[in-house]
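Reader: I'm new to reading protein structures, and I'd like a close look at a single part of this one. Could you pick one strand, stay with it, and walk me through what surrounds it?

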Amino acid sequence: TVTDSTSLEYNGEDQTFTITADNASGVVEGETLTLTGATITGKEVGSYDDVASYTWSVAKADGSDSTDNYTIEVTGTLTITANDDGLSVEGETKEQVYNGEALVGEGSGTADDGTEVTIKYAVKAEDGTWSEWSEEAPSITDVGVVTYKVQGSNDNYETVESDEYTLTVTQKAITVTDSTSLEYNGEDQTF
């Protein structure tokens with residue numbers, strides 16, 4: 001029996017793990033197992049155990065063939081783990097004067113391998129706690145400030161969070177201007 005396993009970090013490429021005879025058990029002392037082509041290949045985050053076709057032989061100490069004296073089982077596991085680097089997110093601080101329209105937060109993310117990044121948002125409450133992550137972008141219509149963060153996730157990378165961003169709506173000034181002309185009538189007049 002030859003059994004081995006390893007973990008590799010996701011890199012966006014097919015990764016191959018070679019199972020070697022070094023991890024064999026059951027070979028008679030003095031005899032040597034040669035194992036060729038016993039590989040497991042994986043790309044996305046997950047566990048893989050499909051061993052590729054391989055050849056094997058056993059030689060006695062004097063070099064003569066001892067292969068017919070054995071059966072062999074080759075097993076292994078390749079685990080691809082999430083990459084802790086290669087995913088980035090950002091949001092945008094925005095400000096507008098009140099206009100009756102919603103000011104909406106925006107977030108974006110990129111993965112080194114070009115795959116899609118799922119964006120979620122959390123909003124800071126007045127007491128300083130954060131809301132649950134939601135795919136709904138934060139917004140504000142009336143005068144005030146909303147503080148938010150952006151989260152990016154992708155199955156092949158560790159989830160990342162942004163710094164804080166703000167959405168600010170300020171008061172709109174109202175200007176009233178008018179004029180008139182009145183003819184003198186000897187009394188107080190009001191416009």
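Author: Here is a walk along one strand, its partners and a few spots around them. Keep in mind that this is a predicted model.

Let's take β14, which covers residues 144-154. Is it mostly out in the open or tucked away? Eight of its eleven residues are buried, so β14 is largely enclosed by the rest of the structure.

Now look at who sits alongside. β12 is joined to β14 by six bridges, and the two run antiparallel. To find this pairing on screen, go to Thr118, whose bridge partner in β14 is Ser153. Next comes β15, residues 157-161, which also runs antiparallel to β14, with three bridges joining the two. Gln151 stands opposite Glu161 of β15. These two strands make a hairpin, and two residues lie between them. Then there's β16: again antiparallel to β14, this time joined by five bridges. Here Val145 is opposite Thr168 of β16.

Let's stay with Thr168 for a moment. The cut-off for buried is under 20% relative accessible area, so Thr168, at 17% relative accessibility, counts as buried. Besides its neighbours in sequence, Thr168 is in contact with Gly144 and Val145, and also with Lys94, Glu95, Gln96 and Leu103.

Right beside it in sequence is another residue of β16, Leu167. With a relative accessible area of 0%, Leu167 is buried. The residues it contacts beyond its sequence neighbours include Gly144, Val145, Val146 and Tyr148, as well as Pro138, Ser139 and Ile140. Lys94 is on that list too, and here's a nice thing to check in the viewer: Leu167 and Lys94 are 73 residues apart in sequence, but their C-alpha atoms are 5.0 Å apart in space.

What puts Lys94 there? Lys94 is the bridge partner of Leu167 in β16. The strand it belongs to, β9, pairs with β16 in the parallel sense over four bridges. β9 spans residues 94-97, and its two faces differ: Lys94 and Gln96 are on the covered one, while Glu95 and Val97 are on the uncovered one. As a rule, side chains in a regular strand alternate between the two faces of the sheet.

Follow Val97 outwards and you reach a nonpolar patch on the surface, made of Val97, Tyr98 and Val143, with about 250 Å² of accessible area together. Tyr98 is in the loop between β9 and β10. At 33% relative accessibility, Tyr98 counts as partly exposed.

Back to our strand for the bigger setting. The largest nonpolar core has 30 residues, and β14 is one of the elements that give it two or more, along with β3, β7, β8, β12 and β16. Nonpolar side chains tend to be buried together in soluble globular proteins. Val2, Ile19, Leu35 and Val74 touch the most other members of this core. Take Val74: beyond its sequence neighbours, Val74 touches Val2, Ile19 and Leu35, plus Ala38, Val51 and Tyr54.

One last stop is Asn83, in the loop between β7 and β8. Asn83 is buried, with a relative accessible area of 12%. Among the residues it touches are Asn156, Tyr157 and Glu158, together with Glu9 and Tyr10.

Conventions:
Residues numbered from 1 in each chain as written. Predicted model: local features only at pLDDT ≥ 70, side-chain atom pairs only at ≥ 80, totals over all residues. Heavy atoms only, no water. Core = buried A, V, L, I, M, F, W, Y, C linked by side-chain atoms within 4.5 Å. Buried < 20%, exposed > 50% of the residue type's maximum accessible area, 1.4 Å probe, protein only. Contact = heavy atoms within 4.5 Å. Pairing = 2+ DSSP bridges. Patch = residues over 30% accessible without salt bridge, like charges linked within 9 Å, V, L, I, M, F, W, Y side chains within 5 Å. Areas by Shrake-Rupley, 256 points an atom, 1.4 Å probe, with all protein chains shown as cover. Salt bridge = Lys/Arg side-chain N within 4 Å of Asp/Glu carboxyl O. Lists of a residue's contacts leave out its neighbours within four places in sequence.
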